[in-house]
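Hi,

Here is the structure I promised to send over. Have a look at it first, and my notes are underneath.

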Amino acid sequence: MNNETSKNGFNRRDFLKAGGMSTLALTLGSTGVLALGSKAFADTTNNPTSGFGGYGPLVPDPNGILDLPQGFHYKLISKEGDLMSNGAKIPGAFDGMAAFEGPKNTTILVRNHELGAGAAFGSNPYDATAKGGTTALVVGANREVIDEYVTSSGTIRNCAGGATPWGTWLTCEETRSATHGYVFEVDPTQPENEMSRTPIKEMGRFSHEACAIDPATGYVYLTEDASPSYFYRFIPTDTDQKPGALQNGGKLYAAAIEAVQRPAASTFKTGQKFEIVWKVVDPHLCREDAKAQNCIEFSRLEGAFFQEGVFWFDDTSAGEKKLGRLYRYVPHTNTLELFYEGNDAREMEYPDNICMTPWGDLWYAEDGSGQDRLMGITPEGKVYPFAANRQSGSELAGPIFSPDGNTLFVNIQDPGQTFAIWGPFQRRNSARAREMSYAAPVNLAPQVSDKVAKAAEEQGMSILEAAAFERHGVNLS
């Protein structure tokens, strides 16, 4: 018997049709233990050498910079104050990044600089009195920097942003003034061009943090770093998905819950799902409009990432213990869910930038009061550390994998340092990445019978996926 059709002729594709849904629309998951009937099956993905569940304990770095698991290595590839290719000094305050495939087996990194007022470091700035902006690094196959240059300048507090499906970087200003507080699109192959110095004003004037794009629709989802903060969506008029198209306008919306008057995210419980209502807001007065229309108020939103049909974002100081939260918004079902709340500083303390690994785990960089780490969560709900910053007083920022998945790039903000990290990373696993999209919120383990477990095996499905179908009323047994 193959994995496509069971004895009764009912196959996995039939399950999808019967449930009236796609795998991307399913929303559930588990902890590290799956309950199967009367048996408790321990998570078997904790082999430190596999990457499924982490890579084992961190090894103290004799250089006092980065602690990593056994078998991993790092290289400092760029440092604040060193010289770029044109002889100018590399600006500081390294923050969010994106990685793009370059020519001749290179990776092009685009990096934010969270700097405020001062003389612009570029030659074609948006504002000559603003010190923020972005730089790019062309990194060769041996993890050596081949070229380093300015890609945009004259902006303020470029904190995070998001990569576009068409190969550009949306850099976000974390400020709000009469002339700042916008998103700018940066083409790493066309540094400091007119597009990079033109604000996308219809995407909102507010204290931006991060954004990510749903490649299926071209919609842009944005987070706000303010207290309170709001969750936004931008629908572009031009759906061509090419450089500059976002500047052709669109509408900005803020998320609300119609059934709840003045909804505060602080009242959400892990696993609760809410259907979102999107309220049109004036991009110049979006915060005021969001408040007036009773949109959801979060504590202080930070990182964002879109993968396998889900927009992930975090709230850095939210939760009962103020340690942070991770949210999941599924556009297909238009539902928002609290996925994980930090209740132990050993597992989460002020999550900031986030990314998804090539094998499907969610990683978040901390910006806490103690030693900041790069932490991971598996689809099975296991939380584990991958890196720890030994340099006190400065956060980790901008974690992102190279397009081939073999190298992790990450920053230490102050003094600005960019590292390349490599080792026995798990290979790309799109099926596991999809599992993260419908994994149940952490600490909510699915209950499935032995019969369902057997049916899942016959169908070539994971227990998580089988539990999802059961939850949505599809009889597998």
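Below is what turned up when I went through it. Keep in mind that this is a predicted model.

**Cores**

The largest nonpolar core has 48 residues, and the members touching the most others are Leu109, Tyr340, Trp363, Tyr364, Ile377, Phe386 and Phe425. If you want a place to start, centre your view on Leu109. Leaving aside residues up to four places away in sequence, Leu109 touches Ile77, Met97, Ala98, Ala99, Thr135, Ala136, Leu137, Val139, Ile400, Phe409 and Thr418. Apart from the largest core lies another one, of 25 residues, including Ala210, Phe274, Phe298 and Leu301.

**The cavity**

How many cavities of 30 Å³ or more does the structure hold? Just one, with a volume of about 40 Å³. Its lining is made up of Trp166, Gly218, Pro236, Asp238, Thr239, Asp240, Gln241, Lys242, Ala245 and Leu246. By type, that lining splits into four nonpolar, three polar and three charged residues.

**Asp67**

This one sits in strand E4, which covers residues 66–69. Is Asp67 buried or exposed? The relative accessible area is 9%, under the 20% cut-off, so Asp67 counts as buried. The Asp67 side chain has a polar contact with the side chain of Arg390, at 2.9 Å. Not counting residues up to four places away in sequence, Asp67 touches Leu58, Val59, Pro60 and Asp61, and also Gln371, Phe386, Ala387, Ala388 and Arg390. Phe386 in that list is also one of the residues named above for the largest core.

**Asn429 and helix H3**

Asn429 is in the loop that runs from strand E29 (417–422) to helix H3 (430–438). What does Asn429 do at the N-terminal end of H3? Asn429 caps that end, with a side-chain oxygen 3.3 Å from the backbone nitrogen of Ala431. At 22% relative accessible area, Asn429 falls between the 20% and 50% cut-offs, so Asn429 is partly exposed. Again leaving out residues up to four places away in sequence, Asn429 touches Phe52, Pro358 and Trp359. You can also check the C-alpha distance from Asn429 to Asp361: 10.0 Å, with the two positions 68 residues apart along the chain counted as their separation.

In H3 itself, the buried residues are Arg432, Ala433, Glu435, Met436, Ser437 and Tyr438.

Shout if anything looks odd when you open it.

Cheers

Methods: Residues are numbered from 1 along each chain as its sequence is written. This is a predicted model: local features need pLDDT of at least 70, side-chain atom pairs count only at pLDDT 80 or more; totals for chains, interfaces and linings use all residues. Side-chain values use heavy atoms; hydrogens and water are left out. On a 1 Å grid over the protein atoms alone, a cavity is a set of points where a 1.4 Å probe fits but cannot get out, and a pocket is an open set with protein on both sides within 12 Å along at least five of seven lines; lining residues have an atom within 4 Å of a point. Grid points are joined across faces, edges and corners, and a volume is the space filled by probe spheres set on the points. Ala, Val, Leu, Ile, Met, Phe, Trp, Tyr, Cys and Pro count as nonpolar, Asp, Glu, Lys and Arg as charged, and the others, Gly among them, as polar. A nonpolar core is a set of buried Ala, Val, Leu, Ile, Met, Phe, Trp, Tyr and Cys residues joined through side-chain atoms within 4.5 Å. Buried means under 20% relative accessible area, exposed over 50%, partly exposed in between (1.4 Å probe, protein chains only). Contact means heavy atoms within 4.5 Å. Helices (H or I, at least four residues) and strands (E, at least two) are DSSP runs, numbered from the N terminus. A polar contact is a pair of N or O atoms within 3.5 Å; within protein, one must be able to donate a hydrogen and the other to accept it, and residues adjacent in sequence count only if both atoms are side-chain atoms.
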